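Okay, thanks for letting me have the slot. I'll put the structure up and then walk you through it.

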Amino acid sequence: MVAPEARAEELRSELARHSALYYAGTPEIPDADFDALLTELRELEAAHPELAAENSPTQAVGSPPAFAPVTHTRTMMSLHNAMDIGELRAWDERTRRRAKEAALDDVGSYTAELKFDGLAISLRYENGVFVQAATRGDGRVGEDVTHTVATITDIPKQLTTTDPPATLEIRGEVYLKLSTFNQLNEAAKAADKRTYVNPRNTTAGALRRVDSQAAAEMHLSFWAYQVGVAEGSPELTSHHDSMSWLAELGFPVNEHCQRLKNLDAVEKYIDKYAKDRHAFDYEFDGIVVKLDDLTTQQALGADSRAPRWAVAFKLPPEERTTKLLDIKVSIGPSGQATPFAYLEPVFVSGVTVTTATLHNADQVAEKDVRVGDTVIVRRAGDVIPEVVGPVLSARAKNAKEWVFPSNCPICQEQLIRPEDASATFCVNYDCPRQIRGRIEHYVSRGAMDIKALGERNVDRFVTLGLISDIADLYSLDYDKIGELEGFGKISVDNLRTAIEASKSQPLQRLLFALRIPEVGFTTAELIAESFGDMDAVLAASVEEFSEIDGLGPIISEAVHEWLRQPRSQELLQRLRDAGVRMTAEVAAANANVAQTLEGMSIVVSGKLAGFNRDETKHAIVSRGGKAQSSPSSKTTLMVAGDDASPAKVEKATKLGIPILDEPAFTKLLHPD
C-alpha cells in the first residue's frame with residue numbers, strides 16, 4: 001500500500017499537471033476524474049492534517065469548477081462540409097431539389113461569410129440586458145461561461161435600442177486576434193513561461209478560466225453570425241437583414257458577410273478569400289454559405305445534426321512532410337478497424353501532429369504509403385490530421401508494402417470486411433474495446449449522464465471484470481470499488497448517486513444511450529415522442545417506424561433489426577429489472593382541464609399569435625392529446641399557423657388530415 005505522504009505528493013503533482021492542461025484547453029481527463037482526484041486528496045489531508053500544505057490544490061482559490069450546464073433554447077447545430085467546389089455544387093443541387101419538393105419556386109439569393117476559427121458561443125439578452133453566455137457543448141447543452149465572456153469588450157452589455165426584444169439569443173464566435181496572440185507569446189517568452197500553441201486553443205482555455213480577470217487579460221474578441229431566438233424583434237425576412245439588425249443593436253458583425261445573387265458569385269467569393277486567407281488579423285478555415293431567405297430556411301429545415309440550408313466550404317489546409325514510423329490499426333467503439341500512421345512529430349496548422357488517419361485499407365493501398373517513407377501530412381478540414389501520400393523520391397529501396405492485418409489487435413478475432421464496403425470491422429460483440437465503447441457512450445452527458453464515471457474508470461472497471469456491459473452498472477460492487485486506488489468514501493457515494501439518478505432519464509435518452517445503429521439523439525427523440533414507451537417501441541413494425549417523419553427505410557430497418565435481436569431484448573429486460581425508466585418525457589394531462597382532445601394526435605406548424613411553442617404543446621397534452629412533430633397516418637388533425645411548413649401542409653393534405661387555422665384551433669381548445 002502506498003504511504004499517505006507519497007500518495008499526497010503524487011496527487012498534488014497529477015492535479016497540477018491536469019490543471020495546466022485544463023487551462024490550456026487540452027484536458028486529458030474529464031472533469032469528473034479531476035474531481036475524484038481532488039476529493040481523494042481532501043480526504044487524505046483530512047485524515048492526516050500534518051500533510052496539509054498551503055500550496056495544495058485543495059487550498060487554491062478558484063480550483064477548476066464544474067461549470068453549470070445551460071440548455072440552449074434552440075439547438076446549436078453544426079454544419080455539413082464541402083471540401084471542394086464539386087461538393088459545394090452538389091449541396092446546391094440537393095438544396096434546389098428539396099426546395100422544389102417543398103413547393104418553393106427558387107432558393108433565392110445566398111449569403112457568404114468567413115468561418116472563423118474560434119469557439120462558438122450563445123449569448124442571451126433579456127429586455128436588452130446581457131444575462132448569460134454558454135458554450136456550444138453538444139449542441140443541446142453547453143457550459144455557463146458568463147463570467148469570462150462578460151470581460152470581452154466587443155460584446156455589448158446593454159443593447160443600443162430603446163425597444164429591445166423581450167428575449168434575444170444570438171450565436172457567434174469568440175476568437176483571438178493574431179496580433180494579440182503574438183503579443184501574449186512575446187510576454188510569455190519575456191517572463192520565461194510556456195508559450196501558447198495556437199489562437200483557438202488559447203481562446204478555449206481563456207473562456208474556461210475561473211478567474212474572470214485572468215480571462216480579461218487575454219483580450220478576446222467576438223463576431224456575431226446568427227440570430228437564435230428573438231421574441232419581440234422586428235420582422236426579419238433574410239439572414240443578411242438579421243445581421244444588419246444585430247449591428248444596429250451594437251454587436252460586432254464581420255464586414256465580409258455578403259449577399260450574393262447566385263452560386264457563381266459564391267464561388268468567386270470563395271476564390272477571393274482563399275487567396276487572401278493570410279491577410280487578416282484573425283484566422284478562418286472556410287466560408288459559410290447560407291440561403292439568405294429565412295422562410296426558405298424554415299421550409300428546408302435540418303437533418304439530425306445540421307441545417308440543410310447552409311454548408312461550410314473548407315479551405316485547403318496547410319501541409320507538411322515528416323517520417324512515417326509505423327502503421328497500426330485501432331478499433332473504434334463500434335468495431336471499425338482504422339489504420340493510423342505514427343509519425344515523427346511535425347507542426348501542422350497550429351498543432352504538433354504525431355499520428356494521422358489512413359482511413360481504411362483501400363486508402364492505404366491507393367496511397368501506397370510504407371513504413372519508413374517521408375510522407376505529406378495535412379489536417380483535413382483543419383481538424384483531423386491525415387496522410388496525403390508518400391514522397392516517392394525519398395523512398396528507401398527496401399521499403400515493403402503494408403498489409404492490413406487479418407485479426408483484431410484487441411481480441412484477436414478475425415476482422416471482416418462486408419461486401420461492397422470500404423471499412424473493415426471486428427464483429428466480436430465481446431471485444432473489450434467495443435464493450436468499453438458501448439459503456440463510454442451510455443454514461444456520456446448526451447446519453448444517461450453518469451458524470452462520476454469517465455473513460456479512465458470505465459477502462460479500469462472493465463479490465464478488473466467489474467462490468468462487462470451497460471446493465472452491470474446497476475449491480476456494481478461498491479465495496480470492491482472503494483478498495484481501488486483513487487476511490488474514497490465520497491467518490492464512491494458520488495458514483496452510486498450518479499448511477500442511481502440515471503435510472504430516471506427519459507426514454508429518448510435511453511434510446512440514444514443504447515447505441516442502436518443509425519440512431520442519433522434527434523432520431524431517438526422522434527421515436528420516443530411517437531411511441532411513448534419501450535413496450536410500444538418493441539412492438540412496432542418496420543412500417544410503423546417508417547411512418548415517423550425523418551426516419552426512412554434504412555433507419556427503420558436498422559432499429560427494428562436491433563430490437564429483434566435476443567441479446568438486445570435480454571439487455572433491455574435487465575435494464576427494466578434494474579429500475580431504468582422506460583417511458584418518454586412528455587407533459588402530463590391536467591386533471592383540472594376537460595380532456596377534450598383525448599385520443600387525438602395533433603401537429604402544429606408555423607407561428608400562432610396566441611401561443612408560443614411550449615404553450616401550444618401544453619394546451620394539447622393537458623387536454624389529453626398528443627403533440628406530434630410531423631403528419632403521419634396516426635395524425636388526427638393539423639394546425640397551420642403563419643409560415644407553416646409547405647411540406648408538412650402538403651403531406652397532411654395527401655393523407656386526408658383536416659387542417660385548422662388558429663381561430664379554429666382556439667375554438668377546439670375552448671369549445672364553450
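Let me start with a cut-off, since I'll lean on it in a second: buried here means under 20% relative accessible area, and exposed means over 50%. Keep in mind as well that this is a predicted model.

So, take Phe116, which sits in strand E3, residues 110–116. Is Phe116 buried or exposed? Its relative accessible area is 9%, so Phe116 counts as buried. Who's around it? If you skip the neighbours within four places in sequence, Phe116 is in contact with Glu173, Trp223, Asn254, Tyr282, Glu283 and Phe284. There's also Gly172, 56 residues away from Phe116 in sequence, with a C-alpha to C-alpha distance of 9.4 Å.

Okay, zooming out to the whole chain. We have 24 helices and 22 strands. The C-alpha trace spans about 80 × 60 × 60 Å along its principal axes. For 672 residues you'd expect a compact globule to have a radius of gyration near 26 Å, and this chain comes in at 27 Å, so the two agree. Of the 672 residues, 47% are buried. The accessible surface is about 32800 Å², and carbon and sulfur atoms own 50% of that. And if you take contacts with a separation of 6 or more, 66% of them join residues 24 or more positions apart.

Now the cores. In soluble globular proteins, nonpolar side chains tend to be buried together. Here the largest nonpolar core has 57 residues, and the members touching the most others are Tyr442, Phe461, Leu495, Leu514 and Leu575. Which helix gives the most to this core? That's H17, residues 521–531, with six residues. Apart from that core there's another one, of 31 residues, including Ile121, Ile155, Leu207 and Leu220.

Let me click on Leu495 for a moment. Again leaving out neighbours within four places, Leu495 is in contact with Ala452, Leu453, Phe461, Leu476, Tyr478, Ile481 and Phe487.

Next, a sheet. Strands in a sheet pair through backbone hydrogen bonds, and that can go parallel or antiparallel. This one is an open sheet of four strands, in the order E20-E19-E21-E22, and the pairing is parallel. At the edges you've got E20, 626–628, and E22, 659–660, each pairing on one side only. E19, residues 601–605, pairs with E20 over three bridges. If you want a spot to look at, Ser601 stands opposite Lys626 in E20.

Two backbone oddities for anyone who likes torsions. Gln412 has a phi near 70°, which is positive, and it's a residue other than glycine. Gln412 sits in the loop between strand E16 (384–390) and strand E17 (415–416). Glu518 also has a positive phi, near 75°, and Glu518 is in the loop between helix H16 (507–513) and H17.

Last thing, confidence. Mean pLDDT for the chain is 86, with 92% of residues at 70 or more. Where is confidence lowest and where is it highest? The low end is helix H2, residues 31–47, at a mean of 67, and the high end is strand E9, residues 258–260, at 97. Then there's the stretch 60–66, where pLDDT stays under 50 and the model has 12 contacts beyond four places in sequence. Where pLDDT is low, the predicted coordinates shouldn't be read in detail.

That's me done, over to you.

How values were computed: Residues are numbered from 1 along each chain as its sequence is written. Side-chain values use heavy atoms; hydrogens and water are left out. A nonpolar core is a set of buried Ala, Val, Leu, Ile, Met, Phe, Trp, Tyr and Cys residues joined through side-chain atoms within 4.5 Å. Buried means under 20% relative accessible area, exposed over 50%, partly exposed in between (1.4 Å probe, protein chains only). Contact means heavy atoms within 4.5 Å. Two strands pair if DSSP finds at least two bridges between them. The radius of gyration is taken over C-alpha atoms; the globule rule is 2.2 Å times the number of residues to the power 0.38. Accessible areas come from the Shrake-Rupley method with a 1.4 Å probe; for residues, only the protein chains shown count as cover. pLDDT is the predictor's confidence in each residue, from 0 to 100.
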